[in-house]
Amino acid sequence: MKKRVIAMLLAGVMALSLVACGGKKEEGKKDTKVEQEQESEMKVAMVTDSGDITDQSFNQTTYEAAKAWAEENDVDFTYYKPENDSDEARAASIDQAVADNATVVILPGFLFAKAIEEQAPVYTDVKFIAMDLATDAELPENVYCATYAEELSGYMAGVMAVKSGYRHLGFLGGMPVPAVTRFGYGYIQGINDAAKELDVVKDIKVEYVCGGQFFGDADITAYMDTWYGTKGVEVVFACGGGIFTSAAESAAKTENGKVIGVDIDQSPIIDAYKDKLTLTSATKGLKVTVKNLLTGIKEGKWSDYAGKSENLGLVSEKPDENYVELPMDTTQWSENFTKDDYAALVKDMFDGKIKVSSDITAMPKVDIQVEDYGSIK
């Protein structure tokens, strides 16, 4: 592997043939290692974004999936945690991973946009897997970007909550980044459609706010105390890294308050605050994404992913075969919304009978009452 200094010099020479995250190689120029039939001496690295591998969310799930795959396939795996939350620190961790001979670098989260732009064209013999990072630009051949149709699992959670009997709902986002907003707006659409179907539109109220950060604290917990206590909110979709802690702390103080988790099945950690506190979780298929990509690389099928940016969502009418879903085993199903009802909902969404908008330019136009408070911080 080339060290950073050498790589930067080479980048100058290659400036006319490569541009960052949207750049392309000059026609006829191909990196032999990226294009080779089989991956030899594969070494996988992961760099955390602003969190760490114990965040009980995006970083931890990605880390556990990559580590498990590496152990099963006898492949070397290392993770790197940047010294601080900055583009420079993340870049330094990528540099270190490359210096340590990583051939595949997994970057979970939108915060790696600048790293993909600046470093992928430099380290052309390294394959970069960027998860939850959206771009419309043409990507270099050594990059694959995956995003998720968060609005779909958000929609499922909204439908499930209303059909389970809840009428006063809340959404607590982290920061209003695209992924969080898609979750929230999908949730609103699901609540609205279920309310219309049950003819309870006038009974539904939704409180909507972002915390302004991806972790809970005393201020946000106090805000949630007001929702669950004074306002009488029954269930809150906590969407944004560790911000669920504030919703869980507040909900646990009530008799029947519930929390909806996000990204992964968060019931084990939310239920630690109080038994059966988690109504469901709106999840992304992080594990299957990591497994499929690393397996493809190992089998020499990188060309199936090279230079692509894909939005992963529903690929089957069967819930457990999709990249977005509600967990079948831990969701609190009821006679009003059973596993069969959920399966029927997924089938209708997959068949196109139910349309969910991914537009995040403005709050969806709905019939229910939605109060948008902006951001707490």
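## The largest pocket

Let's start with the biggest opening in this predicted model: the largest pocket holds about 630 Å³ of space. Its lining runs to 32 residues, and those nearest the centre are D49, S50, F214, G240 and G241. Sorted by class, that lining has 13 nonpolar residues, twelve polar ones and seven charged ones.

Which elements supply at least two residues each to this lining? They are α3 (58-72), α7 (178-198), α9 (244-251) and β9 (258-263). Of these, α7 gives the largest share, with three residues.

## The second largest pocket

Next comes the second largest pocket, with about 450 Å³ of space. It is lined by 22 residues, and D265, T283, K284, K287 and E325 sit closest to its centre. Two or more lining residues come from each of α3, β10 (278-284), α11 (286-298) and β12 (324-325). So α3 turns up here, just as it does in the lining of the largest pocket.

The mix of classes here is seven nonpolar, seven polar and eight charged residues. For the largest pocket, the matching split is 13 nonpolar, twelve polar and seven charged.

## Cysteines without a bridge

How many disulfides does a search of the whole structure find? The count is zero. Take C210: its closest cysteine sulfur belongs to C239 and lies 8.2 Å away, which is too far for a bond. A pair would have to come within 2.5 Å to count as a disulfide. Looked at from the other side, C239 is in no disulfide either, and its nearest cysteine sulfur is that of C210, at 8.2 Å.

Are these two cysteines buried or exposed? C210 has a relative accessibility of 5%, so it counts as buried. C239 is buried as well, with a relative accessible area of 2%. The cut-off for buried is under 20%. As for the neighbourhood of C239 in sequence, G240 and G241 are among the residues nearest the centre of the largest pocket.

## The chain as a whole

Stepping back, the protein chain has twelve helices and 13 strands. It contains 377 residues, and 54% of them are buried; C210 and C239 are two of the buried ones.

Then there's the contact pattern. Among contacts with a separation of 6 or more, 71% are between residues 24 or more positions apart. On the outside, the accessible surface of the chain is about 16,500 Å², and carbon and sulfur atoms account for 47% of that.

Note on methods. Residues numbered from 1 in each chain as written. Predicted model: local features only at pLDDT ≥ 70, side-chain atom pairs only at ≥ 80, totals over all residues. Heavy atoms only, no water. Buried < 20%, exposed > 50% of the residue type's maximum accessible area, 1.4 Å probe, protein only. Helix = DSSP H or I, 4+ residues; strand = E, 2+ residues; numbered from the N terminus. Contact = heavy atoms within 4.5 Å. Areas by Shrake-Rupley, 256 points an atom, 1.4 Å probe, with all protein chains shown as cover. 1 Å grid on protein atoms, 1.4 Å probe; cavity = no way out; pocket = protein on both sides within 12 Å on 5 of 7 lines; lining within 4 Å. Points joined across faces, edges and corners; volume = space filled by probe spheres on them. Nonpolar A, V, L, I, M, F, W, Y, C, P; charged D, E, K, R; others polar.
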